Amino acid sequence: MSVSLAFCVLLAAVDGAAPVDAYDTSVSVPIVLDGSTERATPTAAAAPIAATPTAATAPTATTPTAPIAIAGVTTHEPVVALTFDACATKKQANGFDRKVFEILAREQTPATFYLSGRWVEKHPSAARAIAAAPWIELGNHTYSHPRLTLTRKERIHLQIRRTSKIIEKKIGRPALTLRPPAGAFNAAVVEIANQEHLPVVLWSIVSGDVGGHVPVERMDRTVLEQAKPGSIIIFHINKRAPFTKKALPDIIAGLREKGFRFVTVSQLLALPDAVPIKAKPSHYGYGRRHKRPLPEQKDQDRANPPT
Ligand SMILES: [Zn+2]
């Protein structure tokens, strides 16, 4: 299925930092995460994936594939997915970077927003703006942004379900994938998300926008140098990343100059030749604990700010 066709399917159907080290490029697995679940979930993300396995990647009936968390895909299509997290915690509702939203609208750039349920509740005007922008795909970023590796299973289910309901009700489109807060996940989290019919999606390129520690020029350079077909790039749109709006125009222009087109995450996963890159589980993910990194952690942490 072509990207444009996948996009049509998507429209017809409805709606830190990403650790380079958090995914294992040595592991590639078939794109069908779980055939039965995918087919049982009539989302734009799932249907084309299950419908178009390639001979090289299709799993056999006798070798079921365990669900994985996806850091990106390999593909021959020159496409990348820009993603923007809107995180809100119990204590911090954060904000809405309307300027970033306006840049994406002006540039007519498809994008995927990972929304915390509480963020949607606290920002009704932002929810209305997103509702009126069908080129934005939605993802579930849990309700109050807990590290899911430290959360009881029942509560993980509740965090996911509550958020999906809020997103549907307030924005009118479904969340198609799940991004675990701070990038903290393990096999149990992936399994629970799978039970909730949401593929787990991390990232392969960290813009480093959180906190404004990375200058605009370095953010541009990082993204443009690392971008490759199938990359998933993480930014934030909750007013925790002051330079994103400054860096984004050049990043979009630079990626276009390199021949890239922009797709949503579900479109990326639905590419006929896409093979997912497995994200490496991380118990704690990124955040406060990394403020004083060990020397050998510095490079890794610089590339992986908290989400
Ligand atoms: Zn987040």
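Modeller: A helix here is a DSSP run of H or I with at least four residues, and helices are numbered from the N terminus. The structure under discussion is a predicted model.

Colleague: Which residue follows α4, and what is the value of its phi?

Modeller: Helix α4 covers residues 98-106. The residue in question, which follows α4, has a positive phi. It is glutamine 108, with phi near 50°.

Colleague: Why do the buried residues of α4 line one face of the helix, and within what arc do they fall?

Modeller: The buried residues of α4 are Val100, Phe101 and Leu104. Seen down the axis of α4, these residues line one face of the helix because their directions are confined to an arc of 100°.

Colleague: Which exposed residues does the face of α4 turned away from its buried side carry?

Modeller: A residue counts as exposed if 12 or fewer other C-beta atoms lie within 10 Å of its own. On the face turned away from the buried side of α4, the residues in that class are Glu102 and Arg106.

Colleague: What covers the buried residues of α4?

Modeller: The buried residues to be covered are Val100, Phe101 and Leu104. Their cover includes two strands, β3 and β4 (111-115), and two helices, α6 (124-131) and α10 (244-257).

Colleague: Which strand gives the most to the largest nonpolar core?

Modeller: The largest nonpolar core has 78 residues, and Ile70, Phe113, Val200, Ile233 and Leu268 touch the most other members. The strand that gives the most to this core supplies 6 residues. That strand, residues 79-86, is β3.

Colleague: With which residues is leucine 268 in contact, leaving aside its neighbours within four places in sequence?

Modeller: Leu268 belongs to the largest nonpolar core, where it is one of the residues touching the most other members. A contact requires C-beta atoms within 7 Å. Beyond four places in sequence, the partners of leucine 268 are Val73, Val79, Ala81, Gly230, Ile232, Val263 and Ala274.

Colleague: Is threonine 142 buried or exposed?

Modeller: Threonine 142 lies in the loop between β5 (136-140) and α7 (153-171), and its phi is positive, near 65°, in a residue other than glycine. The threshold for burial is 20 or more other C-beta atoms within 10 Å. Threonine 142 has 28 such neighbours, so its class is buried.

Colleague: In which loop is histidine 145 found?

Modeller: Histidine 145 has a positive phi of about 65°, although it is not a glycine. It is buried, because 24 other C-beta atoms lie within 10 Å. Histidine 145 sits in the loop between β5 and α7.

Colleague: What distance separates the C-alpha atoms of serine 204 and isoleucine 234?

Modeller: Serine 204 is placed in the loop between β7 (200-201) and β8 (205-206). With 26 other C-beta atoms within 10 Å, serine 204 is buried. Serine 204 and isoleucine 234 are 30 residues apart along the chain, and their C-alpha atoms are separated by 8.0 Å.

Colleague: Over which residues does pLDDT stay under 50?

Modeller: The chain averages a pLDDT of 81, and 73% of the residues score at least 70. One stretch under 50 has 145 contacts beyond four places in sequence, and another, below 50, has 36 contacts beyond near neighbours. Where pLDDT is low, the predicted coordinates should not be read in detail. The stretches concerned are residues 1-61 and residues 290-307.

Note on methods
Residues numbered from 1 in each chain as written. Predicted model: local features only at pLDDT ≥ 70, side-chain atom pairs only at ≥ 80, totals over all residues. Core = buried A, V, L, I, M, F, W, Y, C linked by C-beta atoms within 7 Å. Arc of directions from axis to C-beta. pLDDT = per-residue confidence, 0-100.
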